[in-house]
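Subject: Structure handover

Hello,

Please find the structure below, followed by notes on what was found in it. The notes go from the overall fold to single residues.

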Amino acid sequence: MLMEMESAFNSPFVVPVAGTAMIFGIVAVSKISEYNTRKLQYEERMAAIAKGIPLPELPPAPMRNLFVNLQMRMANVRRGGIVLVATGIGAATFFIVLAWILQQREVLSGAAAAIIPFAIGIGLLIDAWAQAREMGNSGPTNGL
């Protein structure tokens with residue numbers, strides 16, 4: 001029995017399975033927390049209505065404003081590009097330093113994987129630059 005448990009934890013599939021389970025767990029806890037927050041807000045509003053207290057206005061939906069305001073949208077694209085470029089550079093640096101410390105060339109394959117967020121970030125920055133150029137040519141009134 002003990003040998004079966006040891007062999008199960010020595011399997012190469014333990015890390016991906018545990019990672020996937022962790023992601024599903026985080027998503028489930030997030031949704032439960034969001035549900036409880038909305039339920040509490042609902043109950044507070046119903047209690048205020050029952051007491052006759054005037055309700056404050058609901059905040060505007062964030063997605064509605066995101067598509068209306070072109071400058072905010074462009075800033076979000078630029079911010080995402082900067083974050084992804086920095087993530088790619090940070091991950092590549094980490095793996096290069098790790099390979100240098102461990103003296104193992106195989107670790108450099110992790111640095112090669114850092115090209116993915118770096119390239120996506122560069123693409124987002126190019127997109128933000130193109131949007132800024134379009135806004136400059138067409139003016140802010142001819143947007144979406």
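Helices and strands here are DSSP runs, with at least four residues for a helix and at least two for a strand, numbered from the N terminus. On that basis the protein chain has six helices and zero strands, and its pattern along the sequence reads α-α-α-α-α-α. Please keep in mind that this is a predicted model.

Overall figures

The protein chain has 144 residues, and 13% of them count as buried. Its accessible surface is about 11700 Å², with 70% of that belonging to carbon and sulfur atoms. Among contacts with a separation of 6 or more, 64% are between residues 24 or more positions apart.

Helices H2 and H4

Helix H2 covers residues 14–51, and its end C-alpha atoms are 55 Å apart. That agrees with the expected span, because 38 residues at 1.5 Å a residue should give 56 Å. Just after H2 comes Gly-52, with a positive phi of about 85°.

H4 passes the same kind of check: its 33 residues should span 48 Å at 1.5 Å a residue, and the end C-alpha atoms are 48 Å apart, so the two agree. The buried residues in H4 are Leu-70, Met-74, Ala-75, Val-77, Gly-81, Val-85, Gly-88, Ala-92 and Ala-99.

What follows H4? Just after this helix, Gln-103 takes a positive phi of about 60°. Gln-103 is in the loop between helix H4 (70–102) and helix H5 (108–113). Most residues other than glycine have a negative phi, and Gln-103 is a residue other than glycine with a positive value. Gln-103 counts as exposed because its relative accessible area is 60%, and the cut-off for exposed is over 50%.

The nonpolar core

In soluble globular proteins, nonpolar side chains tend to be buried together. Which residues make up the largest nonpolar core here? There are five: Leu-70, Met-74, Val-77, Ala-128 and Met-135. H4 and H6 are the elements that give two or more residues to this core. The largest share, three residues, comes from H4.

Val-77, one of the core residues, touches Leu-124, Asp-127, Ala-128 and Gln-131, leaving aside residues up to four places away in sequence. Gln-131 lies in helix H6. Is Gln-131 buried or exposed? With a relative accessible area of 16%, Gln-131 is buried, because buried means under 20%. With the same sequence neighbours left out, Gln-131 touches Arg-73, Met-74 and Val-77. Two of these contacts, Met-74 and Val-77, are members of the core described above.

The nonpolar patch on the surface

Ile-89, Phe-118, Ile-122, Ile-126 and Trp-129 make a nonpolar surface patch of about 480 Å². Helix H6 (residues 115–138) provides the largest share of the patch, with four residues. Ile-122 lies in that helix and is partly exposed, at a relative accessible area of 32%. Ile-122 can belong to the patch on this count because patch residues need over 30% relative accessible area.

The salt bridges

Side chains of opposite charge can pair when their charged atoms come close. How many salt bridges are there? The count comes to two.

One of them pairs Lys-31 with Glu-34, with the closest N and O atoms 3.9 Å apart. This is just inside the limit, because a salt bridge requires the atoms to be within 4 Å. Lys-31 and Glu-34 are three residues apart in helix H2, so about one helical turn separates them.

In the other, Arg-38 pairs with Glu-34, and the closest N and O atoms are 3.6 Å apart. Arg-38 and Glu-34 are four residues apart in helix H2, so again the separation is about one helical turn. Lys-31, Glu-34 and Arg-38 are joined into one network by salt bridges that share partners.

As for accessibility in this network, Lys-31 counts as exposed at 52% and Arg-38 counts as exposed at 56%. Glu-34 is partly exposed, with a relative accessible area of 35%.

Regards

How values were computed: Residues numbered from 1 in each chain as written. Predicted model: local features only at pLDDT ≥ 70, side-chain atom pairs only at ≥ 80, totals over all residues. Heavy atoms only, no water. Patch = residues over 30% accessible without salt bridge, like charges linked within 9 Å, V, L, I, M, F, W, Y side chains within 5 Å. Areas by Shrake-Rupley, 256 points an atom, 1.4 Å probe, with all protein chains shown as cover. Salt bridge = Lys/Arg side-chain N within 4 Å of Asp/Glu carboxyl O. Buried < 20%, exposed > 50% of the residue type's maximum accessible area, 1.4 Å probe, protein only. Contact = heavy atoms within 4.5 Å. Expected span 1.5 Å × (residues − 1). Core = buried A, V, L, I, M, F, W, Y, C linked by side-chain atoms within 4.5 Å.
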